[in-house]
Amino acid sequence: MEVQSSSNNGGHSSFSSLRVYLNSLSATPSRLSRRAISVSTSSDEMSRVRAVSGEQMRRTLRWYDLIGLGIGGMVGAGVFVTTGRASRLDAGPSIVVSYAIAGLCALLSAFCYTEFAVHLPVAGGAFSYIRITFGEFPAFFTGANLVMDYVMSNAAVSRSFTAYLGTAFGISTSKWRFVVSGLPKGFNEIDPVAVLVVLVITVIICCSTRESSKVNMIMTAFHIAFIFFVIVMGFIKGDSKNLSSPANPEHPSGFFPFGAAGVFNGAAMVYLSYIGYDAVSTMAEEVENPVKDIPVGVSGSVAIVTVLYCLMAVSMSMLLPYDLIDPEAPFSAAFRGSNGWEWVTKVVGIGASFGILTSLLVAMLGQARYMCVIGRSRVVPFWFAKIHPKTSTPVNASTFLGIFTAALALFTDLNVLLNLVSIGTLFVFYMVANALIFRRYVPVGPTKPWPTLCFLTLFSITSLVFTLIWKLVPEGKPKAFMLGASAVVAIAIVLSFQCVVPQARKPELWGVPFMPWTPCVSIFLNIFLLGSLDAPSYVRFGFFSGLIVLVYLFYGVHASSDAEANGSFGVKDGQVMKELIEV
């Protein structure tokens with residue numbers, strides 16, 4: 001039997017005293033079985049759950065604000081590095097095709113986000129989408145992992161701002177930082193500039209979302225101007241012969257020097273440069289007209305960024321033969337040492353600095369709204385859910401995560417510049433695509449969800465098998481046969497599901513086209529890209545996943561159970577969400 005104690009306000013609390021808490025821990029199995037897969041409904045998310053924050057966020061954003069936030073979040077410093085590495089090591093001049101493929105992948109995933117955001121315009125993003133389909137614990141698991149990934153990557157990006165700023169002014173990074181000998185290596189370089197950048201951005205996002213959007217617009221405009229400058233300079237100074245001829249004749253030549261495998265490996269590497277539109281979906285609660293503005297804002301930003309990336313890839317490939325490209329700093333290195341052109345290196349440093357600031361601003365906006373909505377669900381203290389009455393922003397969540405990010409940026413060299421959001425975000429993209437299929441094919445009522453769950457499991461396993469074959473099996477006819485067989489099995493699974501299981505609901509406002517193929521392709525590509533990440537990424541993911549499980553077991557499930565007992569929200573075990581309301 002669960003032990004519940006009345007608090008001063010007449011509610012229930014598992015944390016009113018140590019004795020009550022210890023007794024509550026004994027009720028963990030029963031609470032876990034009831035709360036872990038309990039789903040919310042869209043009507044609850046739009047009404048009772050939002051009411052936890054007190055004040056409402058103001059709807060002040062339009063489609064052009066979302067496009068600006070999307071571009072600012074995606075076109076960060078990563079493109080100045082990933083382009084060189086992918087071209088030199090994997091794709092060669094065909095890096096432009098890799099960017100086009102990665103852009104298509106990002107657009108498919110963005111479609112899945114858009115359908116949810118249009119019909120459920122709340123600040124929770126992927127957390128809310130998964131909570132109304134798969135339940136409380138899967139939502140907390142994915143959302144908390146994403147918040148931690150945001151915090152760590154933001155700390156790393158803020159430190160990289162110091163490096164690019166030094167390049168712009170011709171000052172060594174060591175001049176901006178100082179070493180503390182008593183601290184271990186990797187934690188001994190103190191970076192006050194990174195801390196200052198994080199704290200200033202925290203103040204900006206606390207003041208006003210609208211003002212944050214204006215600041216982002218200004219910085220993004222400057223950044224795009226620098227990008228166009230780099231593109232034009234590349235076409236002026238570049239040579240089209242470099243698109244097919246390497247500097248060393250012994251190296252593979254042609255536009256596709258490493259074949260199809262090189263193109264797809266390059267796409268897996270540069271895809272991480274597109275990550276950032278996820279944060280835009282958390283702005284849905286502050287959009288004036290979600291039905292019209294969100295599809296244009298999210299899809300439009302991905303399309304624009306794809307064009308910019310492809311132009312940058314062509315420009316870089318024309319500047320130098322692919323086997324001479326510096327994988328760490330391709331654009332600045334291409335001009336370094338050229339008579340009369342070294343000033344372009346400083347321009348690249350300034351442009352990258354603006355890119356870092358915009359990506360940092362958008363990411364910190366997103367992480368605060370994720371934390372705010374997780375607080376609304378009560379699985380973390382609902383103090384994080386409070387909206388300031390004057391600014392209409394989640395000040396508590398923004399301040400806490402800003403200080404946490406600044407503390408990490410002060411002394412921790414995280415070395416995650418290439419994976420700005422990395423494994424946590426790819427995992428969330430995978431979960432959102434699965435959630436969209438589940439929502440479309442599992443109706444409200446007594447219908448069993450097992451056919452859809454079995455399909456999602458089988459398709460994921462088949463995609464994983466394909467990925468492992470691609471990564472581990474040596475080149476040759478056996479590999480080609482196994483890949484072809486895996487692809488045929490995956491297609492057959494989707495066709496069978498499409499023929500046997502009818503769609504339970506079709507969206508009235510905006511929906512992903514070609515169901516279930518579009519989200520299935522997104523699922524496959526996210527699994528494929530997850531397979532390209534290194535072992536340390538999975539170690540970090542496993543560590544934080546274990547920490548998240550412990551937080552849920554020792555705090556989240558009990559706070560959520562208290563909220564249930566207080567009538568803050570109900571339990572809907574074995575049910576899926578009701579019809580989504582129109583805004």
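How many aromatic pairs does a search of the whole structure find? The search finds 33 in this predicted model.

**Ring pairs**

Two of the pairs involve helix α7 (residues 95-119). The rings of Phe111 and Trp510 lie at 55°, so this pair is tilted. Phe111 sits in α7, while Trp510 is in the loop between α21 (477-500) and α22 (517-530). The two residues are 399 residues apart. The planes of Tyr113 and Phe429 stand at 85°, so that pair is edge-to-face. Tyr113 belongs to α7 and Phe429 to α19 (residues 422-441), so the pair ties together parts 316 residues apart in sequence.

| Pair | Centre distance | Plane angle |
|---|---|---|
| Phe111 and Trp510 | 5.8 Å | 55° |
| Tyr113 and Phe429 | 5.5 Å | 85° |

Phe111 is buried, at 18% relative accessible area. Trp510, at 21%, counts as partly exposed. Tyr113 is buried at 2%, and Phe429 is buried at 1%.

Ring pairs also join Phe137, Phe140, Phe141, Phe427, Tyr430, Phe541 and Tyr552 into a cluster.

**Helix α5**

Helix α5 covers residues 63-74. Its 12 residues should span 16 Å, and its end C-alpha atoms are 16 Å apart, which agrees. Of these residues, 10 are buried, so α5 is largely enclosed by the rest of the structure. Among them are Asp65, Leu66 and Met74. The buried residues pack against α12 (209-237), α14 (277-281), α15 (290-319) and α17 (343-376).

α5 meets α17 at about 115°, with axes 7 Å apart. The crossing is left-handed. Leu69, Gly72 and Gly73 of α5 contact Gly355, Thr358, Ser359, Val362 and Leu365 of α17. This contact has 3 nonpolar, 5 polar and no charged residues.

How values were computed
Residues are numbered from 1 along each chain as its sequence is written. This is a predicted model: local features need pLDDT of at least 70, side-chain atom pairs count only at pLDDT 80 or more; totals for chains, interfaces and linings use all residues. Side-chain values use heavy atoms; hydrogens and water are left out. Helices (H or I, at least four residues) and strands (E, at least two) are DSSP runs, numbered from the N terminus. The expected span of a helix is 1.5 Å times one less than its number of residues. Buried means under 20% relative accessible area, exposed over 50%, partly exposed in between (1.4 Å probe, protein chains only). Contact means heavy atoms within 4.5 Å. Axes are lines fitted to C-alpha atoms, for helices over the stretch in contact, and angles run from 0 to 180 degrees between N-to-C directions. A crossing is left-handed if the near helix is turned anticlockwise from the far one by less than a right angle, and right-handed if clockwise. Ala, Val, Leu, Ile, Met, Phe, Trp, Tyr, Cys and Pro count as nonpolar, Asp, Glu, Lys and Arg as charged, and the others, Gly among them, as polar. Rings of Phe, Tyr and Trp (its six-membered ring) pair if their centres lie within 6.5 Å; planes under 30 degrees apart count as stacked, over 60 as edge-to-face and the rest as tilted.
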